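Biologist: I am new to this structure. Please take me through the reasoning behind the words you use for it.

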Amino acid sequence: MTLNEVTISRAILEEQHQTFLDYLEMDVAVVGGGPSGLACATLLAEKGIKCALIEKKLSIGGGMWGGGMMFPRIVVQEEARRLLDRFGITYREFEPGYYVTKSVETVAKLTAAACDAGVEFFNLITVEDVMIHGDGRVGGLVINWTPVDISGLHVDPLTVACTCTVDATGHDAMVARMIERKGGSLQVKGESFMWAERAESQILNHTREVFPGLFVTGMAANAVAGECRMGPIFGGMLLSGERAAELVAERLGR
Ligand code: 48F
């Protein structure tokens, strides 16, 4: 067989072009590919919900790669151990109730689960705004290539429509902040100081629909609520992603 470079180019362009067209309208857009976004998107897609994960960086995984201070290990507490098992992530019990995982394995297994569930990934794309029409709901996202965003080139974005949006953008709660900045009735209080026990125990209360059509999960949920941060313990992120998926599925009647 002789390889043809143009065929390779055509394969990439046609495949992704078709996928992009197909996802101009979808059930759920999850913004951010950290632990909460990955868990949420996977559990939604497993229900047959058409779900895309939009990630501004080249790689999926968010804050997991670096573990704690670049030691690539993550701690998960007892309450979330069942999710490690569910996603096939191996762990070691350090002390009763504290489970240590390898961050690279955790990213890989969560990402693989998302792929298997049918989540469509759009990486290197930054969400820069939301679309809101007369019904007052977030009905879509305004997106552009991350390199365009970084370079400050004057290139107009495109828009995708989604019935529900999940802000899983971490500490900055970027989607919620966009709505706040433009005068939507939503206040992002910003994350509070480090207090792992409080932050982890409250995160499920903060995982909710904060604006019509917009749900928050993971650190974004705590940031909107002015709740504490927790550092490199990740159980709350997975549990929050799971809760967000339940709430969104309920909203979609699925
Ligand atoms: O920060 P991140 O991992 O969010 P998370 O799921 O988990 C937080 C933990 O990693 C850790 C912690 C608790 O253990 O404190 O920090 O809440 O992942 C957020 C992802 O969102 C992407 C960003 O690149 C990252 O991968 N992101 C942020 N803004 C945008 C975005 C945007 N405007 N468009 C697309 N992706």
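Modeller: Start with a helix contact in this predicted model. Pro35, Ser36, Ala39, Cys40, Leu43 and Leu44 of helix 2 meet a set of residues in helix 9. That set is Met237, Leu238, Gly241, Glu242, Ala244, Ala245, Val248 and Ala249. Sorted by type, the contact of helix 2 with helix 9 has eleven nonpolar residues, two polar and one charged.

Biologist: Why are helix 2 and helix 9 called oblique to each other?

Modeller: Helix 2 covers residues 35–46 and helix 9 covers residues 235–251. They pack at an angle of about 40°, with axes 7 Å apart. Roughly parallel needs an angle under 35 degrees, and roughly perpendicular runs from 65 to 115. An angle of about 40° fits neither class, so the pair is oblique. The crossing of helix 2 and helix 9 is right-handed.

Biologist: What makes helix 7 and helix 9 roughly parallel, then?

Modeller: Helix 7 spans residues 196–206, and its axis crosses that of helix 9 at roughly 10°. The cut-off is under 35 degrees, so the two count as roughly parallel. Their axes come within 9 Å. Glu200, Ile203 and Leu204 of helix 7 make the contact with Gly235, Gly236, Met237, Leu239, Ser240 and Arg243 of helix 9. This contact divides into four nonpolar residues, three polar and two charged.

Biologist: How do you know that cysteine 40 is in no disulfide?

Modeller: The search of the whole structure finds zero disulfides. For cysteine 40, the nearest cysteine sulfur belongs to cysteine 51, 6.5 Å away. A disulfide needs sulfur atoms within 2.5 Å, so this pair does not qualify.

Biologist: What about the sulfur of cysteine 162: why is it too far for a bond?

Modeller: The closest cysteine sulfur is in cysteine 164, at 7.9 Å. The limit is within 2.5 Å, so that pair is no disulfide.

Biologist: Why are cysteine 40 and cysteine 162 called buried?

Modeller: Buried means under 20% relative accessible area. Cysteine 40 has 0%, so it is buried. Cysteine 162 has 5%, so it is buried too.

Biologist: And where is glycine 213, and what makes it buried?

Modeller: Glycine 213 is in the loop between strand 10 (209–211) and strand 11 (214–216). Its relative accessible area is 0%, under the 20% cut-off, so it counts as buried. Leaving aside neighbours within four places in sequence, glycine 213 is in contact with Arg137, Val138, Thr163, Cys164 and Thr165.

How values were computed: Residues numbered from 1 in each chain as written. Predicted model: local features only at pLDDT ≥ 70, side-chain atom pairs only at ≥ 80, totals over all residues. Heavy atoms only, no water. Buried < 20%, exposed > 50% of the residue type's maximum accessible area, 1.4 Å probe, protein only. Axes fitted to C-alpha atoms, helices over the stretch in contact; angles between N-to-C directions. Helix = DSSP H or I, 4+ residues; strand = E, 2+ residues; numbered from the N terminus. Parallel < 35°, antiparallel > 145°, perpendicular 65-115°, else oblique. Left-handed = near helix turned anticlockwise from the far one by under 90°. Contact = heavy atoms within 4.5 Å. Nonpolar A, V, L, I, M, F, W, Y, C, P; charged D, E, K, R; others polar.
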